[in-house]
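Subject: Structure handover

Hello,

Here is the structure for you to look over. My notes on what was found in it follow below.

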Amino acid sequence: MPYRILSLDAGGSWALIQVKALIALYGENTLGNSILENFDMVAANSGGSIVLGGLVENLTLADLLGMFEDVDLRKSIFSPTSTWGDRVLHDVTGLGPKYSSANKLPALQHALPKRGNVALNIVASGLRRPGAPNDVHLLIIGFDYDRNRATFFRSAETNGGVEWGYGETTTITLAEAIHASTNAPVNYFDSPATFPDRPGRYWDGAITGCNNPVLAGVTEAICMGVKPADIVALSVGTGTVALPWPEPGEAGSPYVQKLEEPGLVKDLRKLAASILDDPPDIAAFLAHVMTDSGHGIAAPADSRIVRMSPLISPIKASGGTWGPPSGMTAAQFTYLANLDMDAVEQPQVDAIGRFADLWIDNAVLNQPIRMSADTLKRELGQVWFKDAVAAWEEIR
């Protein structure tokens with residue numbers, strides 16, 4: 001049987017989109033452990049690791065969605081920094097941290113009272129696919145601040161021998177791994193994530209290039225001895241802004257790329273935000289190549305990787321002009337396109353939820369594995385949620 005990977009992107013509060021996608025696939029009353037028992041591995045980063053935490057906690061998907069919709073919980077995770085200098089810097093320049101790293105771990109432990117303080121190497125004991133030889137492999141991505149390298153927090157060892165090397169099991173707790181993985185620096189949290197009783201300092205796994213962790217998951221599986229062509233992966237994202245390149249006469253339209261003059265503050269802001277994005281052509285496409293490039297896959301699938309993630313992207317009308325997707329006004333489109341990943345206030349989260357519903361209802365485009373950055377034309381993958389569901393049903 002195929003080796004199934006569930007990959008959950010980063011995205012802060014936008015990760016509620018992943019929960020809505022799972023509800024569409026499995027139903028809102030399905031327990032988290034039942035979801036995990038459909039997969040051999042779950043790879044997660046940042047906001048996606050909070051979704052993974054809720055699945056391990058064995059919340060129903062409805063309750064997990066409620067966690068993201070709870071304004072008090074959001075504000076406990078995104079707790080304002082108490083450092084006066086950081087607040088002034090951010091207010092003046094738009095740069096600098098807004099939230100307290102130290103307050104985040106207790107908030108995560110409170111949100112995951114049953115499993116949050118259980119060591120990662122035993123937290124999924126007994127959870128496995130029917131007929132699978134091993135428990136589901138949990139992989140949470142972080143960045144080691146002091147060693148300046150990626151850290152894979154694993155629930156089990158990855159022993160590839162002399163060919164691939166050795167990946168150690170992680171003994172930190174589930175909440176601590178999530179704390180490390182969710183610690184976006186520079187414009188978000190004020191210091192590296194630390195643990196009360198263990199050494200180490202960590203930033204968000206997005207620093208490693210694993211904002212979309214599907215490539216890390218596929219690599220991990222191959223290092224565990226799984227044949228590339230036996231791997232299938234469901235990569236669930238948290239939304240990406242994709243605007244076409246402006247053609248003559250389109251400059252100034254809110255639906256096309258804006259060309260700005262470089263500058264120090266603008267460039268620093270752009271660099272800080274770039275770690276939190278995943279262009280369509282990178283992680284999912286490389287994972288597609290690594291898993292035999294879709295050879296031998298039957299339609300409607302065209303790859304062993306299925307990407308499910310909504311695009312904040314315009315639709316071209318019959319007259320050739322770009323406009324918002326059906327069910328979305330121009331103001332709603334612009335609001336979402338400019339909304340940061342740390343959406344804390346209820347109107348912001350409500351807007352993300354409505355956007356996710358439009359995507360699931362096939363009014364908003366799905367992010368394919370690869371598309372033209374200029375025209376947004378699909379090259380590989382599915383452009384509607386229903387087609388991505390059908391492709392996953394075919395290969396899983």
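**Second largest pocket**

The second largest pocket has a volume of about 780 Å³. Of the 29 residues in its lining, A150, T151, F152, R154 and E168 are the closest to the centre. Please keep in mind that this is a predicted model.

Strands β4 (149-154), β6 (165-167) and β8 (198-204), together with helix α10 (214-223), each supply at least two residues of the lining of this pocket. The most comes from β4, with six residues. By class, the lining of the second largest pocket divides into 13 nonpolar, nine polar and seven charged residues.

**D144 and the strands around β8**

D144 lies in strand β3 (residues 137-144). Is D144 buried or exposed? The relative accessible area of D144 is 5%, and the cut-off for buried is under 20%, so D144 counts as buried. Leaving aside neighbours within four places in sequence, D144 is in contact with R149, T151, R201 and Y202. T151 is also among the residues closest to the centre of the second largest pocket.

Strand β3 runs antiparallel to β8, and three bridges join the two. Opposite G142 stands D204 in β8. Strand β7 (residues 193-195) is likewise antiparallel to β8, joined to it by two bridges. Y202 in β8 is the bridge partner of A193, and Y202 is also one of the contacts of D144. Between β7 and β8 there are two residues, and the two strands form a hairpin.

**Cavity**

How many cavities of 30 Å³ or more does the structure hold? There is one. The largest cavity has a volume of about 180 Å³. It is lined by 16 residues, of which G12, S13, I50, I77 and F78 are the closest to its centre.

Helices α3, α4 and α5 (71-77) each supply at least two residues of the lining of the largest cavity. The largest share, three residues, comes from α5. The lining of the largest cavity has eight nonpolar, five polar and three charged residues.

**Nonpolar cores**

The largest nonpolar core has 91 residues. Which residues have the most contacts inside this core? They are W14, L52, L64, L138 and L336. Helix α14 gives the largest share of this core, eight residues. There is also a second, separate core of 17 residues, with V214, V226, I305 and L380 among them.

Not counting residues up to four places away in sequence, L64 touches V19, V51, G54, L55 and L59. Of these contacts, V19 is one of the buried residues of α1.

**Helix α1**

Helix α1 (residues 16-26) is mostly covered, with eight of its eleven residues buried. The buried ones are L16, I17, Q18, V19, K20, A21, L22 and I23; Q18 and K20 are thus on this list along with L16 and I17.

What do the buried residues of α1 pack against? Their partners include two strands, β1 (3-8) and β9 (231-236). The helices they pack against are α3 (47-56), α4 (61-69), α14 (346-360) and α15 (385-395). Of these, α3 and α4 also supply residues to the lining of the largest cavity, and α14 gives eight residues to the largest nonpolar core. Just after α1, G27 takes a positive phi of about 100°.

Regards

Definitions and conventions:
Residues numbered from 1 in each chain as written. Predicted model: local features only at pLDDT ≥ 70, side-chain atom pairs only at ≥ 80, totals over all residues. Heavy atoms only, no water. Buried < 20%, exposed > 50% of the residue type's maximum accessible area, 1.4 Å probe, protein only. Helix = DSSP H or I, 4+ residues; strand = E, 2+ residues; numbered from the N terminus. Contact = heavy atoms within 4.5 Å. Core = buried A, V, L, I, M, F, W, Y, C linked by side-chain atoms within 4.5 Å. 1 Å grid on protein atoms, 1.4 Å probe; cavity = no way out; pocket = protein on both sides within 12 Å on 5 of 7 lines; lining within 4 Å. Points joined across faces, edges and corners; volume = space filled by probe spheres on them. Nonpolar A, V, L, I, M, F, W, Y, C, P; charged D, E, K, R; others polar. Pairing = 2+ DSSP bridges.
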